Amino acid sequence: MANWNFFEHGKDGYDTDWINVHKQKMDIEQELDELREEKAKQQRIQQRLTQIRQDQKEFRESGIKKNRKIRRGKRSRSVENDLENAPPASSDIITLEDDTDNNKDFNKRRDRDLLLSDSEEEGDEKKASNNSINGDPPESEPVLRCNKLIYASRTHSQLEQFVKELQKTNFKPRVLTLGSRQMLCVNEEVRELGEGKLINDRCNELLSSSGKNTEDGKRPKLECEVPKSGCGCSYAKGDAIEELSDAILAVDEDEKFVGQARGISQLVKLGRQRHGCPYYASKTALGLSQLILVPYNILLHKRTRQAWNLDLSGNVIIVDEAHNLLQTLASIHTVELSNNQLDVCCQCLSDYMEHFQDRLSFRNLRNVKQLHCLAYSMYQFLGSISREKGSSTDGTVINMAHFFAQLGDAINIDLCRLLSYLENSQLCRKLRNFRLRYRPQVTIYNPNLSPVNITPLYQLRDFIEALTSRSEDARIVIDRTNIRDPRLRFILLNPAEKLRDIVNECRSLILLGGTMRPVDQLMDAFKRVCKIPQQRIKVFSCGHVIGPKQLLAISIGKGPDDKPLSLNFANRDSESVLRSLAQSFINLIRQIPNGVVAFFPSYAFLGTFIRSIRSSGHFEQLERRKEIFIETRAGKEETSIWPTFCRAAVTQRGALLMAVVGGKLSEGINFSDELGRCVLMVGVPYPNRQSAELQERMKFVEQTNGPGAGNRFYEQLCLQSLNQAIGRVIRHKNDYAVILLLDSRFTQQFLGNGLPNWIKQRLINSSNFSEALGALIKFFRLHKTEKEEKIQQQITTKLVNEKENSNDDIIEL
C-alpha cells in the first residue's frame, strides 16, 4: 500500500512536471524551427530579388538578355500549372499520317477541330494515366511567397489612378496589377476575338497545341491546316515570360522606378517589347509581389481567385469604395439567360448532332443530348410563363425546388457531371466555330450582344455553373420587362455568404470609402453571417479635410412659385411639378459658375423632364446659360460625353450634365474643381419597390433580421445611392462646391441622419426658395472675392520678386 501511495505521489508530482517540461521544450524547438525556416525563406527571397535586379540592370545596359538556365521555348511554371487544369486540345492539325484513306472526304478532315472525341471526355483519366506512366514529376524548388497587401477597387481605371498616386510617394514596393486575359493578351490574333470567354478558350487551345512535336522534335509535315488552330502562341515561351516577370519584380532602391510595369497599360507595353505573355508573367511574379492591385471580380469570385492562385492567408486586404461591397458580390454571382439565347442554343445543338450524328461516340452523343434536353426544358418553361395572361411585367421569383420541378425529364440530369464535360470537351468553342462555318446567318434578338459571339452556349454554361452552387438563398427571377425576350436570372439573396471565406482566410480586412454610411448591412454581414465577434470589428470615421466655408448643402422643398417640390413617383408626370422644377433649374444655374451636375433617380424620370422642358421652352433658356449634356442608357458616356463636358465645364460659360443615380457617371468619376461647382440631387433615389427581386430580398431580410428590417434595408439602399451621387464633388482640401437637394422629402429625419457627417454638419433646410437662392449667391460671391484676392496677391508677389531681381542686377554691375 505504501508503494502504491509513493507511485501515485510520483505520478502527480515528478512525472507530471517532467511531461510538461518536455512539452514546453518541444514547443520551443518547433517555434525555433519555424523561425529558422522563415529566416531561410527570407534569405532565398533576398537572393532571388538581388539576382533579378542584377539581371535587369545588365539587360538595360547592354540590351541583351542574360543567358539563363531556362531552355528557350520551355514553358514557365505558371503555364504548366494552367495546362494541368486545362482540357486536352483537340486534333486541330491534320497530317499525312492522320488520314491515309484517299476515299475520305476532305470536309471530314477539315471538321476534326469541331468533332468531339472520347479523349476529351476522359481527359482527367488520361492525365492520371500519363502521370503514372511517366512517374512522379521531378522535384523543383518551392515557390517563394511573401506577405502581401491586396488592394481592390471597382474598375481598372481606379487602379490606374492609384498607381499614379503611388508613383508620387517615396514608397518602392513590388507592385503587380492583376487582370484578365482579355486585358493582358498581346497576341493580336487572339485579341481580335473580343469576348473574354472566347479569348480564354483560344489561349488554352494554343497552349495545349504548341507543344505537339514528333519524336525527332520537329513538327509533322502538314497536308492542310485549319486556320487559327494548332499554331501555338509565340508569346508563351518560358524565357520571355521569366524575363518579363523579373522586369515586374525589379525594384531598384537607389533609383526611381516610375517606368516599372505597375499598371495594366504598362505591363501590356512591356510584354510587346520583350515578346512575353503579360498574363502568365503576372502569375509568375505574383508570389514575390508585395502590393497586389486587383479589380473586384478577381478578389470576390472564389473560382477566379483560385485560378490566379491568389492566396489570402496571412495577407492584408484593402477594399476601396466598399459602400457597394455586398451589391457587387450579388452582381458577380448573378447570371442571366434569355429566351432567345436558349432558342439559339437548342438550334445549334440540334444542328450539331444532325451534322455529326454518325461520327459521335455514344458517350458524347448522350452528353450533347442531355445538354439539349436541359436547354429545351428551360426554353419551354420560360415560354409558358411568358404566355400566361395577366402576368406582371415586374417579374416573378421562385425558389430552386420550384424551378427544378418545372424542368420535366431534365431534372434527372447530373448537372455537375455535365458541367465538367463542358469544360473538358471545349464544346462551347466547337459549337461557336461550327456556327461560323456552317450556320453564319444567325439572328439573336440582343442589340448589346457582340456579333462574334453568335453561340450563347457560354451563357448557358455559366447558368449551369450557378445552378450547381449549393445556396439556400438562391432564387430564379423570371424577368418579363422585354416581352419579346423574357429572361431567367439566377440571384443570391444573401451575398454575404460569399464574404465568409475571405474574412476567415485573410489576416485583416480593411473597408474604405468616403461615403460608407449607412454601415448597418455590412455590420450585419460580419456579425450574423461571417460570425465575427464585435470586439474584432473596429469602426473609424473622420471629418473632411476641407474647412467650414468650402461646402454649402441646402435642401430645397419649394420652387420659385412657392409650390412644393414633391418629386415622388406619383407626381413625376405632373405638369405643375415639372414646371416648378424647370424654373428652379433656371434660377439656380445662372448663379453657379463652371460645371454643374444634376442627378436624377432614373432614366425614365430624366427622359420625362427633358421632354417637358423641350416642349415648354425651358430647355432653350437653360442652354443659353450653360452647354447641356445628357447621359443616355447606352453607356458610352466615358468615351463621348465625359471628355466633351470636361472641356466645356472649365470655360466661362460652363456646362450642365444631367446624369442618373447608379449610372456610370454617378460612381468612380471625380467632379473636382471647375468640373463640379454644384451637384443637384433631383428627387430621392428610392429603388423600384414594385420589383419582384427587391420584394424577395426585403422579405428575406425580414425573415432573418426580424420585423421592420425589410423597410430599413430599402431605406439604406436609397441612402447609399444618394451619398455616392452627392459625394462626387469636393475631391481635395482646396476644392469648394454646393450640394442642392431638390425635394420636399429631404426634411425627413432618416434622410438627414443618413448623410455623411461632413455634409450633415453644413446642411441648411431652407423654408423657401428665396432663402436658398440667397445663400447660394453669397457662397459663390465669397469664393469669387477670395479667388480675386489670391490672384492679386500672386501678381503683387511676382512684381516684387522681379523688382528685387532687377536691383540685384544693378548692384552686381
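**Entry 1: a ring pair at the end of a helix**

I began with two aromatic residues and noted that Y352 and F356 are both buried. I then looked up the geometry of their rings in this predicted model: the centres lie 4.9 Å apart and the planes meet at 55°, so I recorded the pair as tilted, given that planes must be under 30 degrees apart to count as stacked and over 60 to count as edge-to-face.

Y352 also appears among the buried residues of helix α16, and I therefore checked the helix as a whole, residues 339-355, whose 17 residues should span 24 Å at 1.5 Å a residue. The C-alpha atoms at its ends are 24 Å apart, which agrees with that expectation. I noted that α16 is mostly covered, with twelve of its 17 residues buried, and that this buried set includes polar names such as N339, N340, Q341 and D351 as well as L342, V344 and the cysteines C345, C346 and C348.

**Entry 2: the cores**

Next I asked which residues touch the most other members of the largest nonpolar core. I found M378, F403, L460 and F463, in a core of 118 residues. Helix α17, residues 362-386, supplies the largest share of this core, with nine residues.

I followed L460 further, leaving out its neighbours within four places in sequence, and found contacts with L337, L342, C345, L371, A375 and M378. Of these partners, L342 and C345 are among the buried residues of α16, so I could tie this entry back to the previous one. Apart from this core lies another, of 41 residues, among them F605, L622, V682 and F779. I kept in mind that in soluble globular proteins nonpolar side chains tend to be buried together.

**Entry 3: other aromatic pairs**

I counted 21 aromatic pairs in the chain. One of them joins Y151 and F162, whose ring centres are 4.2 Å apart with planes at 15°, so I recorded this pair as stacked. Y151 sits in strand β2 (residues 149-153) and F162 in helix α6 (residues 156-166), so the pair ties together parts that are eleven residues apart in sequence. I also compared how covered the two partners are: Y151 is buried at a relative accessible area of 8%, whereas F162 is partly exposed at 25%. Ring pairs also link F381, F403, F404 and F463 into a cluster, and F403 and F463 had already come up among the residues that touch the most other members of the largest core.

**Entry 4: strand β17 and its partners**

I turned to β17, residues 737-742, and found six of its six residues buried, so the strand is largely enclosed by the rest of the structure. Which residues point which way from β17? A737, I739 and L741 point one way and V738, L740 and L742 the other, and all are buried. This fits the general pattern that side chains alternate between the two faces of the sheet in a regular strand.

I then listed the strands that pair with β17. Strand β12, residues 551-556, runs parallel to β17 and is joined to it by six bridges, with S555 having L741 as its bridge partner. Strand β16, residues 678-682, also pairs with β17 in the parallel sense, over five bridges, and here V679 has I739 as its partner.

Y736 lies in the loop between α29 (709-726) and β17, and I recorded Y736 as buried at 13% relative accessibility, since buried means under 20%. Not counting residues up to four places away in sequence, Y736 touches Q550, R677, I730, F779, F780 and H783. The C-alpha atoms of Y736 and C678 are separated by 8.9 Å, although these residues are 58 residues apart along the chain.

**Entry 5: another helix, and the chain as a whole**

I repeated the span check on α24, residues 575-589, where 15 residues should cover 21 Å and the end C-alpha atoms are 21 Å apart, which agrees. Its buried residues include V577, L578, L581, F585 and I589, together with S580 and S584.

For the overall picture I noted 32 helices and 18 strands in the chain, with 47% of its 813 residues buried. Of the contacts with a separation of 6 or more, 80% are between residues 24 or more positions apart.

Lastly I checked confidence: pLDDT averages 78 over the chain, and 76% of the residues score at least 70. It stays under 50 over residues 87-104, for which the model has 51 contacts beyond four places in sequence, and also over residues 443-453, for which the model has 20 such contacts.

Definitions and conventions: Residues are numbered from 1 along each chain as its sequence is written. Side-chain values use heavy atoms; hydrogens and water are left out. pLDDT is the predictor's confidence in each residue, from 0 to 100. Contact means heavy atoms within 4.5 Å. Helices (H or I, at least four residues) and strands (E, at least two) are DSSP runs, numbered from the N terminus. The expected span of a helix is 1.5 Å times one less than its number of residues. Buried means under 20% relative accessible area, exposed over 50%, partly exposed in between (1.4 Å probe, protein chains only). A nonpolar core is a set of buried Ala, Val, Leu, Ile, Met, Phe, Trp, Tyr and Cys residues joined through side-chain atoms within 4.5 Å. Two strands pair if DSSP finds at least two bridges between them. Rings of Phe, Tyr and Trp (its six-membered ring) pair if their centres lie within 6.5 Å; planes under 30 degrees apart count as stacked, over 60 as edge-to-face and the rest as tilted.
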